[in-house]
Amino acid sequence: MELHVLKERQLGKRDPMIYGHFIEHFHRQIYGGVYDPGNPLSDEDGFRTDVLEAMRKIKVPVLRWPGGCFVSSYHWKNAVGSNRKPMFDKAWRVEDPNTFGTDEYIKLCRKIGCQPYICTNAGTGTAEEMSDWVEYCNLPCEGEFAKWRIENGYEEPHGVRYWSIGNENYGSWEIGAKTAGEWGHLVAESAKMIKHVDPTTELTAAALADINWNIHLLESSGQFLDWISIHEYWDGIHNDNNYADYEQVMAYTANLNTSIEKVRGLLAAMQLDKKIKIAFDEWNLRGWYHPNVHTVRQGVTKEEYLYPRDENDDNTKYTMADAVFTACFLNTCNRNCDIIGMANFAPIVNTRGCIYTYPEGIVLRSTYHVFDLYVNYLGDLVLDSFGSEPPQMAVKSKSGEEVTVDQLDILATAFGDREGYALAVVNKSADQAAKITVDLRGSGRAVRYYICGSSPESYNDAGHTGVSVLSEELGMFEEGMKITVGPHSVNVIQIGVE
Ligand code: AHR
């Protein structure tokens, strides 16, 4: 296909936070994941150095914590200072030792150089408890909680700018779920107290692509909010772990924009689209597998509700399907960078994460390499591109429907701080290469960085590398250059490489 790109036609400058991540107190994400005191690979603070290094390489810009469903019955005060008691986590039905709390989380953020982003308990928690947390983190020294932080060894405020009121409080599964009316009221009251403590915080609140919920929320609290949070897991396999196959995953790419468009439309209708941005603060292709826990009848034995969670960590399941999907969604976020200011891959470590840990090392799953490509090789200015109709692909969805999707998902970018272009080209076809004729006013060396694996099923595991970032020199760029991308591949083509 032909592709025309004009630097003058900018869609916007994407916020680095669209390459953000999420980590929850769930299974081995924190304990036995990034935080593993006693492991020979951990540093003096108990953090796995190999995980930190992997996080730094993809320049994690922001890390949402501590949940997720976990947060809706979490009380932060039990996890700071010297008198910590283990708690029973009623969301996930396990004991949490509370040895990883706010101060450890801030330490983690500092070590990887990212912005902290705290999600508060709006399930069983109160506006007061939320704003006490802000006092603890952000006030220099006034009041009981800032003094407590200082007593705990942190003289300087933690300076947490991003705060979310609640997590998925609309859902029947969430502890302390709310009706739309209750939600609007609680968010307004919580936001009021938080802003009285620190008016420089940026606030978001749990929402979804639902008009009724959002109207209540925005009418009561729109004035306080800088963000609105939405979540999506396309392959909803929380209860059966029945992974969509490659073709079925490609069918999901027909629906990447749906919730964004709905929320954007409502924000515009309420004249809030210039004030409030979307934080897509949990997203992943696959829902996490945690059967018999978000049900009315809870599993009784650990075999029923706990041990199955290990199955999230079967590395052979994170293939080029996940990578291609991840790249397509990141393209969507880039294209919507006027309204999406943050997105958080859920989660970053273990479960469905892009980094898998085992006692002796880590595995970088296919999705990790997509973040590597996008963060380290793409530009920050998103450009409009146009051209001949991209080839179409007919695929069968998981529910058996025939769906037609574009074979290629292309995003054009340029760099705010230097000359040159970078094109993200995702080829969804399982077996067909694609040729693109590139028309843009550029010059210099062209290099293609890409991941593809030898098959759509390629994956990485301990001692097995099926997916990694490769590169190909394309020579000096000239108008009308023809570039071929392989099947099931994610490519970033830089033109004008320094
Ligand atoms: O399935 C994991 C959970 O997904 C997160 O805790 C929650 O926020 C979302 O529903």
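In this predicted model, a polar side-chain atom of N167 lies 3.1 Å from an oxygen atom of the ligand. That's a handy place to start, and two acidic residues join N167 in the table below.

| Side chain with the polar atom | Distance to an oxygen atom of the ligand |
|---|---|
| N167 | 3.1 Å |
| E168 | 2.5 Å |
| E282 | 2.6 Å |

Taken alone, the ligand would expose 280 Å², and the protein buries 96% of that. The residues around the ligand are E24, G68, C69, W92, N167, E168, Y233, H238, E282, W288 and H290.

**Around the ligand**

Let's pick a few of those residues and follow them outwards. G68, one of the residues surrounding the ligand, sits in the loop between β3 (62–65) and β4 (87–89). Its peptide bond with G67 is cis, with omega about 10°.

W288 also belongs to the ligand's surroundings, and W288 touches N312 as well. So what about N312 itself? You'll find N312 in the loop between α9 (302–305) and α10 (320–335). N312 counts as buried because its relative accessibility is 0%. A polar atom of the N312 side chain lies 2.8 Å from the backbone nitrogen of Y289. Leaving out residues up to four places away in sequence, N312 touches F26, Y243, W288, Y289, Y318, T351, R352 and R365.

**Two strands, β8 and β9**

Y233, another of the residues around the ligand, falls within the range of strand β9 (residues 227–235), and S229 is in that strand too. Which side chain makes a polar contact of 2.6 Å with the side chain of S229? The partner is D281. S229 counts as buried because its relative accessibility is just 3%. Setting aside neighbours within four places in sequence, S229 is in contact with Y117, S164, T204, A205, A206, A207, L208, A279 and D281.

T204 and A205 on that list fall within strand β8 (residues 202–205), which also holds L203. L203 is buried, with a relative accessible area of 0%. Along the chain, L203 and I228 are 25 residues apart, yet in space their C-alpha atoms are 8.3 Å apart. The contacts of L203, again without neighbours within four places, are W163, I165, A191, I194, K195, F224, L225, D226 and W227.

**The nonpolar cores**

I165 leads us to the core. The largest nonpolar core has 140 residues, and those with the most contacts inside it are M55, I165, W183, I348 and Y374. Helix α10 gives the most to this core, with ten residues. Why does this core lie between the two domains? Domain 1 (2–9 + 382–495) and domain 2 (14–377) both give residues to it, so it lies between them. There's a second, separate core of 22 residues, including V5, L408, Y421 and I493.

Back to I165: beyond four places in sequence, I165 touches T120, A122, M130, W183, V187, S190, A191, I194, L203, T204, A205 and A206. W183 is on that list, and W183 is also among the residues with the most contacts in the core.

M55 has its own setting. In helix α1 (residues 49–57), M55 is buried along with D50, V51, L52 and A54. The cover over the buried residues of α1 includes α2 (102–112), β12 (355–358), β13 (361–364) and α11 (366–377). After α1 comes K59, whose phi is positive, near 45°.

**How the domains meet**

The domain assignment splits the chain into domain 1 (2–9 + 382–495) and domain 2 (14–377). Their C-alpha centres lie 30 Å apart. The contact between them takes 41 residues from domain 1 and 39 residues from domain 2.

**Backbone oddities**

A few spots deserve a look if you're stepping through the backbone. The peptide bond from A346 to P347 is cis, with omega near -5°. P347 is in the loop between β11 (340–345) and β12, and N350 is in the loop between β11 and β12 too. Although N350 isn't a glycine, its phi is positive, near 60°. Is N350 buried or exposed? N350 is buried, with a relative accessible area of 0%.

N98 is another non-glycine residue with a positive phi, about 60°. N98 sits in the loop between β5 (94–96) and α2, and N98 counts as buried because its relative accessibility is 1%.

Methods
Residues numbered from 1 in each chain as written. Predicted model: local features only at pLDDT ≥ 70, side-chain atom pairs only at ≥ 80, totals over all residues. Heavy atoms only, no water. Buried < 20%, exposed > 50% of the residue type's maximum accessible area, 1.4 Å probe, protein only. Helix = DSSP H or I, 4+ residues; strand = E, 2+ residues; numbered from the N terminus. Contact = heavy atoms within 4.5 Å. Polar contact = N/O pair within 3.5 Å; in protein donor to acceptor, adjacent residues only side chain to side chain. Core = buried A, V, L, I, M, F, W, Y, C linked by side-chain atoms within 4.5 Å. Domains from an automatic or database assignment. Near = heavy atom within 4 Å. Areas by Shrake-Rupley, 256 points an atom, 1.4 Å probe, with all protein chains shown as cover.
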